[in-house]
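Subject: Structure handover

Hello,

Here is the structure I promised to pass on. Please open it first, then read the notes below.

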There are 2 protein chains.
Amino acid sequence: MKREAKAAAGAPPTLWDRTRQLASQEILETALRLFTEQGYDETTIAQIAREAGVSQRTLFRYFGAKEDLLGGNQDRFGQVLTDTISQQPAEAGVWEALRAGVAAVLALHDSREQALKRFRLLHNTASLRAGWLEKRLRFQGDLLPLVEARMDVALGGTDARARAMIATAFACLDAASMTWVDNDGKGDIMDLYDECLAAVRG
Amino acid sequence: MKREAKAAAGAPPTLWDRTRQLASQEILETALRLFTEQGYDETTIAQIAREAGVSQRTLFRYFGAKEDLLGGNQDRFGQVLTDTISQQPAEAGVWEALRAGVAAVLALHDSREQALKRFRLLHNTASLRAGWLEKRLRFQGDLLPLVEARMDVALGGTDARARAMIATAFACLDAASMTWVDNDGKGDIMDLYDECLAAVRG
DNA sequence: CGACAAGTTGGCAGCGACTGCCAGACGTAA
DNA sequence: TTACGTCTGGCAGTCGCTGCCAACTTGTCG
């Protein structure tokens, strides 16, 4: 109760808040370092907690799951996606709107290097890929109503087509980012995305 | 060693083989029943083993992971996919070849009811979805060389486009099967697939 | 038939991710 | 300072999964 009230009022951060912030950052950095050094599956929660100087219990209180230690606020992606797409002008087609959403999400990364590091980790670790794909599925579901609103509304049955278009956009993003990682981050992902979409749409 | 030799020679199944077969079937049926009755995550390995009359250890020897208890030999999908696609006539385009592969995989299901049951379970359980998507990713990788062989070979850089086309085919299959499940198995999945692909390719 | 090799099974201990519970330490406000 | 709310660490326990070992069953050969 207290924390939410303060945050809403914009009150100055208390010592606790600062400590939390610090600990959170420390944990995140330790985790990312260990992941890149020795791999995701080979790094145990116990090790991260030890090197970050907190107990396992506390670590799990900050980050509910090992996946979340990757950082990069993946949960925010969904918000940015839906916001961006719904803010596109009404005369924009489905493909333009989706493209704008993809671009907005890609713009969230801090630096090219960090993005490359995370993408590489993601594409090379089966368990991470699975988790990421699952999150993506949820995003796709959230996008459904937005996309349907932009299609010629023939009543009923548009469901499948809207789903397909969304999934295709993500598929192109996948193909683009995989190729980007394979090329060690050379070029621009959006260019690859456009190339992919062009190949698909003939 | 022995088993492979016998299998290759087509020798009559020994008592062991028959026992194995029986136990395997019993486990599979028990698992599928419990999954549909009380949900995948709510069913523990211990419970399945108990009700199937085997030890946990033995259960894990038959099926290496809980996922595999879904049955339907998902690992075979990849084989069927690559076989079917590589057997398509050389003059068939990429999209026709992919369509044939998808159709072949869908034809693997025993009955409409069982397929619907599995699909429903899959689409409603986060952990299962994740595992399935991960397998699919591997299939996509396996398909890459086959698809590239069917494209106009401009050397280099075709990578991304081939990946995108494959991923799009799967995306349409996804959209189709989701819609199919939502409609309680009404209609034909391949029709939905065609509709999806048509929507995507404009 | 008897002995021996090979295959199969179950139990036990253990790992790693994750959770609930509880006591104690700490910052904060009266 | 006292009382309160919060945060922390530790412990035990669940669940999926694996390695190891002892016992049992089955097939085979002399």
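The notes below go from chain A to the chain contact and then to the DNA.

First, a caution. This is a predicted model.

**Chain A**

Start with the overall build. Chain A has ten helices and zero strands. Its pattern along the sequence reads α-α-α-α-α-α-α-α-α-α. Along the principal axes, the C-alpha atoms of chain A fill a box of roughly 55 × 45 × 30 Å.

Two annotations come from UniProt. An unreviewed entry there gives "domain: HTH tetR-type" for residues 21-81 of chain A. In the model, residues 21-81 of chain A are 67% helix and 0% strand. The C-alpha atoms at the ends of that stretch lie 26 Å apart. UniProt also lists a "DNA-binding region" at residues 44-63 of chain A, again from an unreviewed entry. Residues 44-63 of chain A are 75% helix and 0% strand. Here the end C-alpha atoms are 14 Å apart.

**One helix pair**

Next, look at helix H5 (residues 74-86) and helix H8 (residues 126-149) of chain A. Their axes come within 10 Å and cross at roughly 20°. The angle is under 35 degrees, so H5(A) and H8(A) count as roughly parallel to each other. H5(A) passes H8(A) in a right-handed crossing.

Which residues in H5(A) meet H8(A)? They are Gln74(A), Phe77(A), Gly78(A), Leu81(A), Thr82(A), Ile85(A) and Ser86(A). On the H8(A) side are Lys135(A), Arg138(A), Phe139(A), Asp142(A), Leu143(A) and Leu146(A). By class, the residues of this contact are six nonpolar, four polar and three charged.

**Where the chains meet**

Now turn to chain B. In the contact between the chains, 29 residues of chain B touch 29 residues of chain A. On the chain B side, helix H8 (126-149), helix H9 (158-182) and helix H10 (189-200) each give two or more residues. H9(B) gives the largest share, 15 residues. The chain B side has 17 nonpolar, four polar and eight charged residues.

**DNA strand C**

Both chains take part here. There are 22 residues around DNA strand C. The nearest are Ile45(A), Ala65(A), Lys66(A), Ser55(B) and Thr58(B). From chain A, helix H2 (15-38), helix H3 (45-52) and helix H4 (56-62) each supply at least two residues of the surface near this strand. From chain B, helix H2 (15-38) and helix H4 (56-62) do so. Which helix gives the largest share of the surface near DNA strand C? H2(B) does, with four residues. The surface near DNA strand C holds ten nonpolar, six polar and six charged residues.

**DNA strand D**

The other strand on my list is DNA strand D. It is surrounded by 23 residues. The closest are Ser55(A), Thr58(A), Leu15(B), Ala65(B) and Lys66(B). On chain A, helix H1 (2-9), H2 and H4 give two or more residues to the surface near DNA strand D. On chain B, H2, helix H3 (45-52) and H4 do so. The largest share, four residues, comes from H2(A). By class, the surface near DNA strand D has ten nonpolar, six polar and seven charged residues.

Best wishes

Methods: Residues numbered from 1 in each chain as written. Chains lettered and ligands numbered in written order. Predicted model: local features only at pLDDT ≥ 70, side-chain atom pairs only at ≥ 80, totals over all residues. Near = placed C-beta within 6 Å. Nonpolar A, V, L, I, M, F, W, Y, C, P; charged D, E, K, R; others polar. Axes fitted to C-alpha atoms, helices over the stretch in contact; angles between N-to-C directions. Parallel < 35°, antiparallel > 145°, perpendicular 65-115°, else oblique. Left-handed = near helix turned anticlockwise from the far one by under 90°. Contact = placed C-beta atoms within 7 Å. UniProt positions renumbered as here; feature names shortened; annotations may be inferred.
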